[in-house]
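These are my notebook entries on a structure that I went through element by element. Each entry records what I looked up and what I found.

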Protein chains: 2
Amino acid sequence: HSKPLAIRNVTVTDSFWHAEQELVRTAVIPFQWRALNDQVPGAEPSYCMHNFKAAAAQNAAKHTQGTQFVPPTYTDRGFNALPDDPAHPDDDKFYGFVFQDTDFSKWIEAVGYSLAQHPDAELEATADQAIDIVCAAQLDNGYLDTYYILNGMDRHFTNLKDHHELYCLGHLVEGAVAYYQGTGKDKLLKAAARFADYVASRFGTEEGKLDGYPGHEIAEMALVRLAEATGESKYADLAAYFVRQRGQSPLYFEREDRARAEHEGQTFRPNTNKPKPYAYYQAHEPAVDQHEAVGHAVRAAYFYSGLADVARITGDKALTDAAHKLWRNIVDKKLYLTGGIGGTRHGEAFAADYELANDLAYSETCAAIALAFFSRRMLEIEAKSEYADVMETALYNTVLAGMALDGKSFFYVNPLEVRPRAVNYGDDNWSHVKTVRQKWFGCACCPPNIARIVESVQEYAYTLADDGNTLFTHLYMGGSAACELAGHKVTLDVTANLPWEGTGKAIFHTAGAAVQATLAFRLPAWAGGAAAANAVTTTAAVSRDVRDGYLYLTGEWHDGDTIAFDFPMPVRMVVSNPRVSENTGRVAFVRGPIVFAAEGHDNGEQLQSLFVDTASVGVDCSGVQAVPFDFTSGATGMDEKGTGEVDPVTRHMVMLRVPALREAAPVETPDDADLDAPRSPLYTAWRPVKCEPVTATLIPYFAWANRGQTEMRVWLNAK
Amino acid sequence: HSKPLAIRNVTVTDSFWHAEQELVRTAVIPFQWRALNDQVPGAEPSYCMHNFKAAAAQNAAKHTQGTQFVPPTYTDRGFNALPDDPAHPDDDKFYGFVFQDTDFSKWIEAVGYSLAQHPDAELEATADQAIDIVCAAQLDNGYLDTYYILNGMDRHFTNLKDHHELYCLGHLVEGAVAYYQGTGKDKLLKAAARFADYVASRFGTEEGKLDGYPGHEIAEMALVRLAEATGESKYADLAAYFVRQRGQSPLYFEREDRARAEHEGQTFRPNTNKPKPYAYYQAHEPAVDQHEAVGHAVRAAYFYSGLADVARITGDKALTDAAHKLWRNIVDKKLYLTGGIGGTRHGEAFAADYELANDLAYSETCAAIALAFFSRRMLEIEAKSEYADVMETALYNTVLAGMALDGKSFFYVNPLEVRPRAVNYGDDNWSHVKTVRQKWFGCACCPPNIARIVESVQEYAYTLADDGNTLFTHLYMGGSAACELAGHKVTLDVTANLPWEGTGKAIFHTAGAAVQATLAFRLPAWAGGAAAANAVTTTAAVSRDVRDGYLYLTGEWHDGDTIAFDFPMPVRMVVSNPRVSENTGRVAFVRGPIVFAAEGHDNGEQLQSLFVDTASVGVDCSGVQAVPFDFTSGATGMDEKGTGEVDPVTRHMVMLRVPALREAAPVETPDDADLDAPRSPLYTAWRPVKCEPVTATLIPYFAWANRGQTEMRVWLNAK
């Protein structure tokens with residue numbers, strides 16, 4: 001077992017991730033603050049801070065009025081309550097989604113990480129004021145979800161399945177811990193802990209308690225984090241309870257649904273989630289019996305993250321096995337090449353095994369983030385490079401694809417193939433797909449999730465073994481990592497050129513004498529896995545051991561020792577498992593952790609008629625050129641809201657030039673053409689296709705849709 | 001211009017279509033009668049005859065009570081009104097879909113055709129009794145839709161868009177004309193005419209009339225048929241009004257929606273059909289401006305059929321051009337190889353140009369039937385073999401695929417590719433797809449539609465030119481066709497072996513001396529088009545002229561003259577237009593009018609890993625064997641309702657044996673396998689694939705899903 005280093009002890013200075021973090025810090029975090037204060041012209045108001053203020057005012061009134069205070073009686077105001085006039089919400093009413101409080105929690109989490117790296121007194125003051133408002137909304141018993149505080153506490157915890165109270169708890173804890181770790185300030189941490197204490201007092205299998213669990217998971221992993229931040233094991237116990245109780249028979253959500261229907265005088269309707277009732281919530285069977293990743297992909301991967309955390313801290317073998325089997329199911333049968341998960345828009349969910357539709361993919365940005373969470377937690381259980389490979393793939397591809405290069409527009413859905421003409425026709429099969437990124441959405445899940453993971457990406461780079469003697473480097477990221485290794489304060493100063501080059505080095509620093517310890521470096525699958533051990537050399541006289549995709553360098557380390565790495569980064573042409581019917585006859589290109597895509601912008605539209613010339617590419621991909629270049633974004637808006645607009649930003653990247661063949665598309669007769677216009681038949685007799693040799697230009701997938709609307713394809717047809 | 005021969009003057013005796021007609025006559029029509037009398041155990045009741053009886057009783061009460069009769073005030077009972085206890089419906093209430101009356105109309109239509117071919121006193125007596133019940137329900141003013149008669153006439157004709165009154169009129173007319181033509185009895189015809197008269201009195205652009213039109217088209221073509229059956233041009237005028245008025249600004253349906261919202265005190269919500277408001281109903285713009293086939297595919301093709309009828313009888317060039325452009329759009333961009341239309345389940349509608357998803361296809365059986373209607377009407381405008389080719393494809397493939405070989409179960413949706421594991425997983429992308437045929441559905445559109453087109457298939461085989469001098473043979477079907485040609489009673493006795501062989505002959509008979517006339521024979525595209533003229537020889541000394549895919553034989557015909565045809569029926573390997581991204585790299589096989597499909601049953605599952613060996617097949621398909629064989633259906637039911645059950649039936653067919661290659665599917669590790677079980681990776685480096693040569697067995701598409709649940713694919717991957 002190992003744990004990430006404290007966020008304040010790791011810096012990120014390389015040109016790639018530093019640029020992403022600066023984008024989030026300078027563009028996203030300030031925007032997000034305006035958004036949650038309803039100050040973004042043209043955007044749907046969040047009402048997030050409005051709600052906290054309303055709850056705080058109610059709280060103040062309660063204290064002033066004492067026994068004369070009449071609390072509101074519960075009124076169901078729907079999943080998303082909006083005022084009649086958006087500009088004039090009632091001061092004392094709740095607005096927005098039931099989980100609207102989490103807008104604040106996600107923001108404060110990103111702020112906490114940002115301040116850890118980049119002190120900013122003004123931002124910190126703003127954050128402290130926001131925290132004051134939030135804390136003022138908390139009830140005396142610790143409860144803190146403004147939806148029920150304002151709509152009526154008499155019905156709180158009666159709809160765990162859909163009303164996100166424990167999801168709000170989870171995000172609040174995540175934000176509070178991050179702000180505490182980033183600034184050392186614990187006001188919000190204490191508030192979050194009090195909410196957790198209240199929840200602990202109400203939930204459990206003991207008589208008189210609710211034997212329920214979150215409808216949208218996150219509290220599980222958040223509570224483990226709270227336990228580790230505070231040293232209070234009771235929070236880990238609550239997390240373990242949530243994980244273990246989930247899906248126990250008789251199903252809590254079914255009992256809850258039945259009781260609520262009865263209370264509301266409605267007919268109970270059995271849940272019809274496939275493949276089993278309540279599978280959307282991963283609440284269909286106990287965690288230890290879950291071997292297939294099912295249901296809402298974000299919920300699922302959040303749950304599996306918490307499950308892995310609890311497995312790690314408890315050492316429970318059945319839970320650990322379940323985590324492994326769920327991982328195996330995802331990675332072997334349900335994972336997009338881009339690190340995305342969630343094959344179907346219906347339920348934003350995992351599809352059947354091997355059903356990985358490219359154009360219909362959901363592959364939500366948040367789900368890729370959740371998969372990175374799960375991956376890191378599997379790494380914490382055991383250092384196997386498979387976990388880091390998947391984590392790295394998710395981070396560099398789907399997570400980053402979720403944000404335009406100017407940081408101002410976002411994708412929630414990340415298909416691997418887009419035909420704008422089909423998507424924009426109005427067929428609801430594609431109603432979830434956007435051909436260009438959208439400005440901040442009303443439901444602010446993905447953009448703030450990108451913000452919090454980008455600002456904390458260094459937490460994914462290193463872990464320290466629980467015995468304190470092994471420092472793992474999982475991701476090669478320029479910057480420094482400080483920790484106490486084998487009882488000594490040490491620092492690893494890393495230079496790296498990922499994701500474009502596999503070269504770099506790490507310099508070991510220690511104030512004292514020699515340190516007897518192990519430095520373990522991941523051998524990326526993209527560099528050849530175990531064979532890449534040869535690419536790592538060191539000046540230190542240490543032993544070398546390769547295990548589970550890591551090179552373990554063990555011995556005496558002295559100040560100034562260097563570890564140089566020169567990982568090969570060949571272009572790889574990959575195919576899917578033959579069971580993936582979507583990708584038969586198709587190939588995709590990967591180099592290092594970067595997945596590539598063809599855009600019509602570079603290759604002409606009708607990308608289905610662009611064939612990779614596999615013979616010219618060759619098994620070793622020697623026919624492909626990897627060309628460093630400066631990519632410049634820029635697109636004008638497609639409507640009055642500026643949809644699709646991207647400001648010019650220039651970023652260093654690598655493109656691939658791939659030998660390919662082009663089949664000419666026959667003329668398309670417009671529907672209103674004269675009746676004697678030439679027609680091109682829909683079906684014709686097969687003949688060997690005549691193709692022109694061309695060079696296909698592929699850009700990193702994460703950079704697609706930064707130059708206006710165009711076709712895009714990751715899996716290219718091959719000949 | 002030409003017209004079909006009277007149904008009583010054409011017989012169908014060949015083994016293929018005679019078998020289909022016998023199936024419908026002996027299995028479907030009796031079942032249908034029980035269904036509309038709610039006598040099918042296990043099936044949802046239709047309530048169709050119940051409704052007519054209830055309306056008849058109300059009518060009788062009105063006549064008995066006179067001025068004391070209080071008519072029901074309108075109550076909206078939803079699109080599908082069901083009794084609390086299905087076994088005990090209230091005697092005086094309407095149940096079922098708003099268009100439930102059409103269950104009767106479709107049945108009586110099939111009965112009419114059946115009696116024309118196969119007199120059956122018992123069936124005719126049953127039909128006459130049913131007609132008595134239906135006619136007793138008709139109001140004095142001629143109105144005849146039990147939904148409003150029973151729910152309240154005060155609101156009739158206020159929801160043309162969704163309440164199907166004019167659709168009920170259309171089907172009633174179709175049924176009445178068929179029964180009249182089949183039996184000579186005109187009671188129902190007169191009732192239908194009276195309903196049409198009432199509609200004519202209420203609709204039009206004149207002051208005080210409703211300037212609306214049907215929400216679900218069919219009345220247009222039905223009324224033209226009524227005009228032709230009765231000689232009353234006023235019905236053609238009403239049809240022309242409906243066709244021309246449709247989509248005129250300001251849009252009637254929008255005005256109606258607005259007025260209804262106002263009446264009901266609700267907020268008017270603008271229609272959001274794509275690509276234009278009300279496009280689902282083809283009511284987005286005037287007919288003459290419609291060049292792209294859009295919206296609900298059955299509605300659309302029914303409309304285009306009516307449009308073509310009106311274009312033919314009026315000679316209106318703008319309408320004729322619109323019909324041609326709509327035809328061109330369908331055939332060049334939106335037609336499945338199987339003759340199916342409707343690419344998306346959303347709105348059961350046409351998808352965007354070239355978007356022809358195989359596994360997600362809607363391709364409703366009724367839509368293929370509607371396309372056959374449209375095709376025949378285009379043929380009536382002008383004899384071009386293109387129309388007959390499409391008509392034949394729809395009839396032999398998608399229409400017949402809609403019914404199991406035992407006539408006892410049905411497909412509404414006809415995909416070109418089915419992976420049962422994906423379909424049955426519960427992903428709503430496939431919620432419309434069934435992997436096995438279903439017993440009679442509650443919404444009885446497709447099965448009775450199959451019944452009526454199969455029983456009248458001879459109407460698609462021949463037309464007689466309006467000048468009476470040219471007899472066209474469009475489909476080669478064994479049987480005899482009698483008509484008055486150039487003033488003489490003549491008969492064409494045809495033997496044919498379609499769809500399995502292109503050989504046959506026609507013998508010309510006339511009682512009198514020579515007949516100076518033209519016999520025109522279609523030269524099928526599958527036989528080589530114009531080049532196939534050489535395959536037609538005659539003993540008569542007549543001139544030969546090939547025009548628009550027809551061989552015109554003109555001159556003196558004598559009794560006993562024969563025309564022999566020996567159309568080549570090569571196997572054809574076809575590809576899609578490169579703009580169809582779904583089918584890149586795929587081929588399909590066709591022989592004569594029959595489209596073939598691979599089933600897992602014959603070829604093993606994982607059909608995506610079965611590759612056609614195009615080099616071995618060859619451009620001329622000489623590598624493929626067409627093998628006559630006896631196909632035997634048979635499958636046991638998958639559930640207590642017998643879903644998927646097919647009785648053993650043996651039918652002569654042809655299968656194709658195609659040189660192919662099989663890529664072995666790697667082992668699939670079960671999700672609950674031990675953690676050390678071998679895994680097969682989802683993505684691997686490309687290598688030239690190792691394949692085993694195999695022979696793929698393809699069966700006619702229409703015969704798929706007759707041997708239990710299995711994968712199916714029309715478009716096969718190719719190497």
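**Entry 1: helix H10 of chain A.** I began at the end of helix H10 in chain A, where Gly247(A), just after the helix, takes a positive phi of about 75°. I was working with a predicted model throughout. Helix H10 covers residues 233-245 of chain A, 13 residues in total. I compared its reach with expectation: from first C-alpha to last it extends 18 Å, close to the 18 Å expected at 1.5 Å a residue. I then listed the buried residues of H10(A), and these are Tyr235(A), Ala236(A), Leu238(A), Ala239(A), Ala240(A), Tyr241(A), Phe242(A), Val243(A) and Gln245(A). Against which helices do the buried residues of H10(A) pack? I found H7, H8 (187-202), H9 (219-230), H12 (297-314) and H13, which belong to chain A.

**Entry 2: helix H7 of chain A.** I followed one of those partners, H7(A). This helix runs over residues 165-183, and its 19 residues should span 27 Å at 1.5 Å a residue. The end C-alpha atoms are 27 Å apart, which agrees. I noted that H7(A) is mostly covered, with 17 of its 19 residues buried. Just after H7(A), I again met a glycine: Gly184(A) takes a positive phi of about 85°.

**Entry 3: the nonpolar core.** Which residues have the most contacts inside the largest nonpolar core? I recorded Phe104(A), Phe589(A), Phe104(B) and Phe589(B), in a core of 500 residues. I looked up the surroundings of Phe104(A), leaving aside neighbours within four places in sequence. Its contacts are Leu36(A), Cys48(A), Met49(A), Phe52(A), Ala130(A), Ile131(A), Val134(A), Leu172(A) and Leu188(A).

**Entry 4: Ser363 of chain A.** I placed Ser363(A) in the loop between helix H13 (317-334) and helix H14 (365-381) of chain A. Is Ser363(A) buried or exposed? Ser363(A) is buried, because its relative accessible area is 0% and the cut-off for burial is under 20%. Leaving aside neighbours within four places in sequence, I found Ser363(A) in contact with Tyr336(A), Gly340(A), Ile341(A), Gly342(A), Thr398(A), Tyr412(A), Val413(A) and Asn414(A).

**Entry 5: the five-stranded sheet in chain A.** I traced an open sheet of 5 strands in chain A, in the order S7-S8-S9-S14-S11, with antiparallel pairing. Strand S7 (479-485) and strand S11 (536-538) of chain A stand at the edges with a single partner strand each, so one side of each is left without a neighbour in the sheet. Neighbouring strands of this sheet are turned by 20° against each other on average, direction ignored. I checked the pairing of S7(A) with S8(A) (residues 488-496): 7 bridges join these antiparallel strands. Within this pair, Ala482(A) stands opposite Thr491(A) in S8(A).

**Entry 6: the five-stranded sheet in chain B.** I then turned to chain B, where 5 strands form an open antiparallel sheet in the order S7-S8-S9-S14-S11. Why do S7 (479-485) and S11 (536-538) of chain B each have one side without a neighbour in the sheet? Both stand at the edges, and each has a single partner strand. The average turn between neighbouring strands of this sheet is 20°, direction ignored. Here I examined S9(B) (residues 503-510) and S14(B) (residues 562-566), which run antiparallel and are joined by 5 bridges. The bridge partner of Gly504(B) in S14(B) is Phe565(B).

**Entry 7: strand S20 of chain B.** I found 11 of the 14 residues of S20(B) (residues 650-663) buried, so the strand is largely enclosed by the rest of the structure. I looked up its pairings.

- Strand S18(B) (residues 610-612) pairs with S20(B) in the antiparallel sense over 3 bridges, and Val612(B) stands opposite Ala660(B).
- Strand S19(B) (residues 625-632) runs antiparallel to S20(B), with 8 bridges joining them; Phe629(B) stands opposite Met653(B).
- Strand S22(B) (residues 691-700) is joined to S20(B) by 8 bridges, also antiparallel, and Val658(B) stands opposite Ala696(B).

**Entry 8: contact between the chains.** I closed with the interface, where 85 residues of chain B are in contact with 85 residues of chain A. The area buried between the two chains is about 7200 Å², and carbon and sulfur atoms give 52% of it. Tyr425(B), Leu682(B) and Trp686(B) supply 13% of the area that chain B buries against chain A, more than any other three residues.

Terms used. Residues are numbered from 1 along each chain as its sequence is written. Chains are lettered from A and ligands numbered from 1 in the order in which they are written. This is a predicted model: local features need pLDDT of at least 70, side-chain atom pairs count only at pLDDT 80 or more; totals for chains, interfaces and linings use all residues. Side-chain values use heavy atoms; hydrogens and water are left out. Two strands pair if DSSP finds at least two bridges between them. Helices (H or I, at least four residues) and strands (E, at least two) are DSSP runs, numbered from the N terminus. Axes are lines fitted to C-alpha atoms, for helices over the stretch in contact, and angles run from 0 to 180 degrees between N-to-C directions. The expected span of a helix is 1.5 Å times one less than its number of residues. Buried means under 20% relative accessible area, exposed over 50%, partly exposed in between (1.4 Å probe, protein chains only). A nonpolar core is a set of buried Ala, Val, Leu, Ile, Met, Phe, Trp, Tyr and Cys residues joined through side-chain atoms within 4.5 Å. Contact means heavy atoms within 4.5 Å. Buried area is the accessible area (1.4 Å probe) that two parts lose on being put together, summed over both.
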